[in-house]
Amino acid sequence: MGTDGQRTGTPLHCLVTGASGYIGGRLVPELLRAGHRVRCLARSPGKLRDHPWARDTETVRGDVTDAGSVASAMRGIDVAYYLVHALGSGSGFEETDRRAARIFAAQAHASGVRRIVYLGGLTPYGVPERELSPHLRSRAEVGRVFLEAPVPATVLRAAVVIGSGSASFEMLRYLTERLPVMVTPSWVRTRIQPIAVRDVLRYLVGSATMPDDVDRAFDIGGPDILTYREMMCRYAEIAGLRRRLIVPVPLLTPGLSSHWVGLVTPVPASIARPLTESLRHEVVTREHDIARYVPDRPGLPLPFDEALGLALRRVREAQVATRWSSAAVPGAPSDPLPTDPDWAGGSLYTDDRQVPVDASSASLWKVIEGIGGDHGWYSFPPAWAVRGLLDRFVGGVGLRRGRRDAERLRVGDSVDFWRVEEVEPGHLLRLRAEMRLPGLAWLEMYAETDDEGGTRYRQRALFHPRGLLGHAYWWSVSPFHALVFGGMARNITRAAAEPGAAAEPGAAAEGLGRGGPGQED
């Protein structure tokens, strides 16, 4: 079992915020396995629709910065999990975090919630708070807000979380795999105490049943204390790679470090920066008091090598339940496709294409659902690569986020610089662009049956321009649509007609269980 999984004597009603994110998406099934009822608070409930646990939970629409929606979500709740933060949402993210935490604490008190559980960051001992990175400083302040509130709180403080799909793991993985020789920032010498994601989840679940008089912070970490350089060397050994040559230099600032990470790994600079900034100082636990309330079993917490090996196995077996990119990208467009009759957004440019397919609808759908990631985009790869590089250059997510699962998609998944907005299995895949654009963009792909019973592929690209720059952007790239979108339509239909493209019987049914409750690594 991933996090103990024992059923508690008295089932609790738990509210989980951040359920579309990396930790929240894994915590929900663990709470269910422990016998608790779960309600999720989400700005876009549709993103949770396709999770394997969705039918066993209640989802309500709301935002932690909106007191009214938080109050409604808190009704009848025993334990409230706060797993969100406003990092990267602008220069005022610290104030947004502070305000959201105060609203959450106040509404929990008003609703009679018996405990708040918060996962924050491990702060370095003896370093004044003013010298911490904005990321760690804000995490620490949110923890204080909860500890000073009337509702008893459990504040868990972790450093680097190691698990398949975590941003920290992906950063470590790609730096080590792609650079056999690397000139690195000086923070690779900093001592860190990483923790396996399954241990984080175990402590989060166990916190729900702490005695009412427990109101404090706990440091949580694994049994190993390593430098980042040692972590990379251990990764290379476990992954079967040649020994890496690592040369630290003191010249790389946190800003330059984040761009360096963004260049080499799929983690964009906007997310890499808080990760690299938090590595400037030693982050090691000073106590392990959590074990009094959530006892450790033999072999737990997991050693670093074992946590790394389990995470690698999950990646190689395509059993990644959630990824760092599962959460919405700060600053990325989140508007749904403007199909509402009341849409008053002005111009909407479209590029429509239809191509007959000499294959079954199932074969075509398999190609559509597998698009992106290692499969690519079926047209003019250099153009997509350049667009991805330009996006990363201006601070976007770029083309290298890949996919959570190589074959199947669910609403909310990231696919390179797109996000899945809608999936109608066997018929429609709608993607919303998260690259930097002067407007909003979507790409729709359909597997259809024509009037004569044949298979037809339909593709529609849509763009809602923002201002004059948006209109200029559309007209400047429209001459290339025949090459990019036309080539995509032709190549997708050709791929569907290739032998072996049809999905095996029962594959879809088997896929429903992928990423469900189980061991989390």
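**Exercise 1. State the accessible area of the protein chain and the share that carbon and sulfur atoms supply.**

Solution. The protein chain exposes about 22100 Å², an area computed by the Shrake-Rupley method with a 1.4 Å probe. Carbon and sulfur atoms supply 53% of this area. The model is predicted: local features need pLDDT of at least 70, side-chain atom pairs count only at pLDDT 80 or more, and totals for chains, interfaces and linings use all residues. Residues are numbered from 1 along each chain as its sequence is written, and side-chain values use heavy atoms, with hydrogens and water left out.

**Exercise 2. Give the buried fraction, the secondary-structure content and the share of contacts that join residues at least 24 apart.**

Solution. Step one: of the 521 residues in the protein chain, 57% are buried. Buried means under 20% relative accessible area, exposed means over 50%, and partly exposed lies in between (1.4 Å probe, protein chains only). Step two: the chain has 15 helices and 19 strands. Helices (H or I, at least four residues) and strands (E, at least two) are DSSP runs, numbered from the N terminus. Step three: among contacts between residues at least 6 apart in sequence, 76% join residues at least 24 apart, a contact being heavy atoms within 4.5 Å.

**Exercise 3. Describe the sheet of 7 strands and the helices on it.**

Solution. Start with the strand order, which is S3-S2-S1-S4-S5-S6-S11 in an open sheet with parallel pairing. Two strands pair if DSSP finds at least two bridges between them. Next, find the edges: strand S3 (58-61) and strand S11 (216-219) each pair on one side only. From one strand to the next, the twist averages 20 degrees. Then take one pair: strand S6 (residues 153-158) and S11 run parallel and are joined by 4 bridges. Leu156 stands opposite Phe218 in S11.

Finally, add the helices. Helix H1 (residues 24-33) packs on the sheet and touches strand S1 (13-17), strand S2 (37-42) and strand S4 (79-82). The direction of H1 makes about 170 degrees with that of S1; axes are lines fitted to C-alpha atoms, for helices over the stretch in contact, and angles run from 0 to 180 degrees between N-to-C directions. Helix H6 (residues 197-207) lies across S4, strand S5 (115-121) and S6, at about 155 degrees to S5.

**Exercise 4. Describe the sheet of 6 strands and the helices on it.**

Solution. The open sheet has the order S14-S19-S18-S17-S16-S15, with antiparallel pairing. Strand S14 (349-357) and strand S15 (414-415) each have a single partner strand, so one side of each is left without a neighbour in the sheet. Strand S17 (residues 428-433) and strand S18 (residues 439-449) run antiparallel, joined by 5 bridges. Leu428 has Tyr446 in S18 as its bridge partner. Helix H13 (residues 467-477) lies across S14 and strand S19 (455-465), at about 145 degrees to S19. Helix H14 (residues 481-497) lies across S14, S18 and S19, at about 30 degrees to S14.

**Exercise 5. Locate Pro301, Tyr378 and Asp416 and describe their backbone.**

Solution. The peptide bond from Leu300 to Pro301 is cis, with omega near -5 degrees. Pro301 sits in the loop between helix H9 (269-277) and helix H10 (304-316).

Tyr378 is not a glycine, yet has a positive phi of about 65 degrees. Tyr378 lies in the loop between helix H11 (361-369) and helix H12 (381-393), and counts as partly exposed at 22% relative accessibility.

Asp416 also has a positive phi, near 55 degrees. Asp416 is in the loop between S15 and strand S16 (418-424), and counts as buried at 3% relative accessibility.
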